[in-house]
Amino acid sequence: MGVSVSGFDALISALEQSPDKLQRATVTRAAKLAEQVAAQAREGAPVKNGQLRNSLKSYVEAHGDQIEGGVKTDYAPAIYHEFGTGPVGDENPHPQAAELGISHRPDGWVYQSEEVAAMRGEEYVENEKGGYVYTEGVPAKAFMYNALTANEDAILESLGAAVEEVFTK
């Protein structure tokens, strides 16, 4: 009397292909999720001339078995709006300010702005005259942080579903 088992070759083949299938499925989902977070960050970002909002882009990068995704910007002032500045930033801090060790300048300061000079009808000559503004900073807007935390559950659920789909097909 003997026992016969079949299908091992197909099972082994499916298991060998699983890592590549899982990575492709995860990258595809991560790209959609990153764009969802970026869209929400754009909605929450302050608007003056649109530069900040237009600079927010989603990204996904695969490094070996790690996949990283999120929202990035090359607009230098974005960090000031996300985390706040000066005493106003201290009064209205970013949700992770303490955890990240963020500190702000304790007093106000003067800066020069070509835009302000134009609004006042002043001549703008860098470091000479026109467009000087006094500020005590800006509050933290946390638009990127808020977009990410608002989507945490959806991200976990979607990526978990990708794993489930790969291993149940």
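**Notebook: a walk through a predicted chain**

I started at the hairpin of β1 and β2, where two residues sit between the strands and G64 takes a positive phi near 65°. I kept in mind that this is a predicted model.

**Confidence.** I looked up how far to trust the chain. Its mean pLDDT is 88, and 89% of its residues reach 70 or more. Confidence is lowest in helix α1 (residues 8–44), with a mean of 82, and highest in helix α7 (residues 143–150), at 97. As a reminder to myself, predicted coordinates should not be read in detail where pLDDT is low.

**Overall layout.** I counted eight helices and four strands in the chain. Read from the N terminus, the order is α-α-β-β-α-α-α-β-α-β-α-α. Of the 169 residues, 27% are buried. I also checked the contacts between residues at least 6 apart in sequence, and 56% of them join residues at least 24 apart.

**Strand pairs.** Back to the hairpin for its pairing. Strand β1 (residues 57–63) runs antiparallel to strand β2 (residues 66–72), and seven bridges hold the pair. Within it, I found Y59 opposite G70 of β2.

Then I turned to the other pair. Strand β3 (residues 109–112) and β4 are antiparallel too, joined by four bridges. Here Q112 faces Y132 in β4. Which residues of β4 are on the covered face, and which on the uncovered one? In this strand (residues 132–135), V133 and T135 are covered, while Y132 and Y134 are uncovered. That fits what I know of strands: in a regular one the side chains alternate between the two faces of the sheet.

**A34.** I picked this alanine in helix α1 and asked whether it is buried or exposed. A34 is buried, because its relative accessible area is 5%, under the 20% cut-off. What does A34 touch, leaving aside its neighbours within four places in sequence? I found S58, Y59, V60, G70 and V71 in contact with it. For S58, which is 24 residues away along the chain, the C-alpha atoms are 5.3 Å apart. Y59 and G70 were on my list already, as the opposite residues in the hairpin.

**The core.** Next I looked up the largest nonpolar core. It has 12 residues: L33, V37, A38, A41, A45, L52, L56, V71, A78, F143, A147 and I155. Helices α1 and α7 each supply at least two of them, and α1 gives the most, with four. From A147, I traced contacts to V37, Q40 and A41, again leaving aside neighbours within four places in sequence. In soluble globular proteins, nonpolar side chains tend to be buried together.

**The pocket.** I checked the largest pocket, with a volume of about 760 Å³. It is lined by 22 residues, and the closest to its centre are K48, Y75, P77, H81 and Y111. Elements giving two or more residues to the lining are α2 (51–55), α3 (78–83), β3 and α6 (114–120).

**Two odd backbone angles.** Last, I looked for positive phi outside glycine. N127 has a phi of about 65°, and its place is the loop between α6 and β4. A142 has a phi near 50° and lies in the loop between β4 and α7. Which of these is buried and which exposed? N127 is exposed, with a relative accessible area of 62%, whereas A142 is buried, at 4%.

How values were computed. Residues numbered from 1 in each chain as written. Predicted model: local features only at pLDDT ≥ 70, side-chain atom pairs only at ≥ 80, totals over all residues. Heavy atoms only, no water. Buried < 20%, exposed > 50% of the residue type's maximum accessible area, 1.4 Å probe, protein only. Pairing = 2+ DSSP bridges. pLDDT = per-residue confidence, 0-100. Contact = heavy atoms within 4.5 Å. Core = buried A, V, L, I, M, F, W, Y, C linked by side-chain atoms within 4.5 Å. 1 Å grid on protein atoms, 1.4 Å probe; cavity = no way out; pocket = protein on both sides within 12 Å on 5 of 7 lines; lining within 4 Å. Points joined across faces, edges and corners; volume = space filled by probe spheres on them.
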